Amino acid sequence: MTLLFSPIELAGKTLKNRIVMPPMTRSRSTQPGDIANDLMATYYAQRASAGLIVSEGTQISELGKGYAWTPGIYTNEQVAGWRTVTNKVHDAGGVMFAQLWHVGRVTHSDNTGGVQPISASAIAAKGVKVFVDTNGEPGFVETQLPREMSKQDIENVLAEFRQAAKNAVDAGFDGIELHAANGYLINQFLDSQSNARTDEYGGSVQNRLRFLTEVVNAVSDEIGSQKVGVRLAPLTTLNGTVDDNPEQTYLAVAQALNDAGVGYMHIAEADWDDAPLMSVEFKQAIRKAYSGVLIYAGKYTKERADEALAQGWADMIGFGRPFVSNPDLPARLKQGKPLNSHNPDTLFGGAEQGYTDYPTA
């Protein structure tokens with residue numbers, strides 16, 4: 001028995017193991033309306049043996065939507081759709097958090113009802129493409145130049161995050177995860193090269209942290225800080241967000257989230273072939289700054305997961321693509337059974353094929 005299969009406490013729940021199914025976009029919501037559905041409920045319930053499931057990113061508003069066919073959590077119909085999912089996951093013995101998502105500049109007006117995207121600053125995510133479905137013609141288009149958010153815009157988005165957290169709990173989720181990684185809105189405020197503001201939301205590290213901490217405070221006031229997690233990606237440059245001093249910035253983030261008392265930090269390591277590696281020293285410094293549950297994800301094997309948990313800088317480990325094709329992943333890892341490979345052609349959009357039809361061992 002390794003630590004990976006030992007229980008851990010989170011948000012008032014005893015999780016049965018330390019294996020996390022991390023958020024993964026699958027683009028199978030019901031259209032029109034971006035509504036979670038029965039197929040999605042089956043998919044997540046099949047994977048309820050994870051200690052924790054974090055839903056795919058679910059947009060908190062129409063303007064927060066970056067890609068066609070992703071689910072939302074801001075209408076009554078969307079909340080009802082997610083309730084179908086959480087009921088089925090709970091019936092299967094699972095614990096599930098909703099990942100709340102605002103993409104900021106990583107979108108196109110075809111996805112936002114014709115409205116210009118918003119961001120920390122009026123800086124485009126150059127060379128980044130997003131998936132749209134324009135009048136039944138799906139395809140990829142380049143993102144558009146966003147407008148810099150006004151103070152009123154910031155207030156509006158804070159209110160949307162607060163309402164989305166309430167909606168998530170109303171939909172039966174056990175908590176929420178804020179998507180502050182991979183170049184989306186919160187990340188656009190955090191990283192120095194996507195934030196050129198000269199007011200209290202830009203410039204110094206503490207100023208660039210302000211939007212994140214205000215979002216954390218808003219959702220914590222609504223549902224309690226222990227039911228809040230935050231996903232971060234300190235070294236990734238996805239969607240054009242780059243920080244000039246990521247260790248300084250993200251150690252400050254870790255300290256701020258520790259002070260806020262959030263339930264967990266979820267760190268996505270860069271996982272492409274020539275990606276920069278997070279040093280063990282950086283991870284240990286984050287551990288020193290943050291005393292809550294620390295989740296790491298990024299091409300982990302059982303062996304690497306065991307090592308991370310044993311060294312103490314991680315408390316749980318996310319397994320992304322392996323969960324796509326192995327609904328019974330925890331049992332396979334525990335028993336040393338081989339893993340199914342995923343079909344990359346069925347990751348986004350479609351129906352049962354490559355989604356709910358992967359076999360168990």
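The buried residues of helix α1 pack against four elements: strand β3 (19-21), strand β4 (52-59), helix α2 and strand β5 (96-101). In this predicted model, the residues of α1 that are buried are M40, A41, Y43, Y44 and A45. A general property of helices helps in reading such a list. An α-helix has 3.6 residues a turn, so residues three or four places apart point the same way.

The packing of α1 against α2 can be described in further detail. Two packed helices are described by the angle between their axes and the distance between those axes. Here the axes of α1 (residues 38-46) and α2 (residues 76-91) come within 8 Å and cross at roughly 30 degrees. Angles under 35 degrees count as roughly parallel, and α1 and α2 are therefore roughly parallel to each other. The crossing in which α1 passes α2 is right-handed. On the α1 side the contact is made by D38, M40, A41, T42, Y44 and A45, and on the α2 side by W82, T84, V85, K88 and V89. By character, the residues of this contact comprise seven nonpolar, two polar and two charged. Among the α1 residues in the contact are M40, A41, Y44 and A45, and these four are also buried.

The N-terminal end of α1 is capped by N37, which places a side-chain oxygen 3.3 Å from the backbone nitrogen of L39. Attention may now turn to the loop between β3 and α1, which contains P32 and also D34. Each of these residues has a notable backbone feature. Most residues other than glycine have a negative phi, and most peptide bonds are trans. The peptide bond from Q31 to P32, however, is cis, with omega near -5 degrees. D34, although not a glycine, has a positive phi, near 55 degrees. The relative accessible area of D34 is 5%, and residues under 20% count as buried, so D34 is classed as buried.

A positive phi also appears elsewhere in the chain. N239, again a residue other than glycine, has phi near 55 degrees. N239 is located in the loop between β11 (228-232) and α6 (246-260). With a relative accessible area of 16%, N239 is buried.

Strand β6 (residues 118-119) includes S119. This serine is buried, and its relative accessible area is 0%. The side chain of S119 forms a polar contact of 2.6 Å with the side chain of Q188. When neighbours within four places in sequence are set aside, the residues in contact with S119 are R105, P146, R147, E148, M149, L185, Q188 and R197.

One of the residues in contact with S119 is R197, and R197 is also touched by G202. G202 occupies a position in the loop between α4 (185-190) and α5 (205-223). Its relative accessibility is 5%, and G202 therefore counts as buried. Apart from residues up to four places away in sequence, G202 touches N195, R197, N207 and R208. D191 lies 11 residues from G202 along the chain, and the C-alpha atoms of the two are separated by 9.7 Å.

Technical notes. Residues are numbered from 1 along each chain as its sequence is written. This is a predicted model: local features need pLDDT of at least 70, side-chain atom pairs count only at pLDDT 80 or more; totals for chains, interfaces and linings use all residues. Side-chain values use heavy atoms; hydrogens and water are left out. Axes are lines fitted to C-alpha atoms, for helices over the stretch in contact, and angles run from 0 to 180 degrees between N-to-C directions. Helices (H or I, at least four residues) and strands (E, at least two) are DSSP runs, numbered from the N terminus. Angles under 35 degrees count as roughly parallel, over 145 as roughly antiparallel, 65 to 115 as roughly perpendicular and the rest as oblique. A crossing is left-handed if the near helix is turned anticlockwise from the far one by less than a right angle, and right-handed if clockwise. Contact means heavy atoms within 4.5 Å. Ala, Val, Leu, Ile, Met, Phe, Trp, Tyr, Cys and Pro count as nonpolar, Asp, Glu, Lys and Arg as charged, and the others, Gly among them, as polar. Buried means under 20% relative accessible area, exposed over 50%, partly exposed in between (1.4 Å probe, protein chains only). A polar contact is a pair of N or O atoms within 3.5 Å; within protein, one must be able to donate a hydrogen and the other to accept it, and residues adjacent in sequence count only if both atoms are side-chain atoms.
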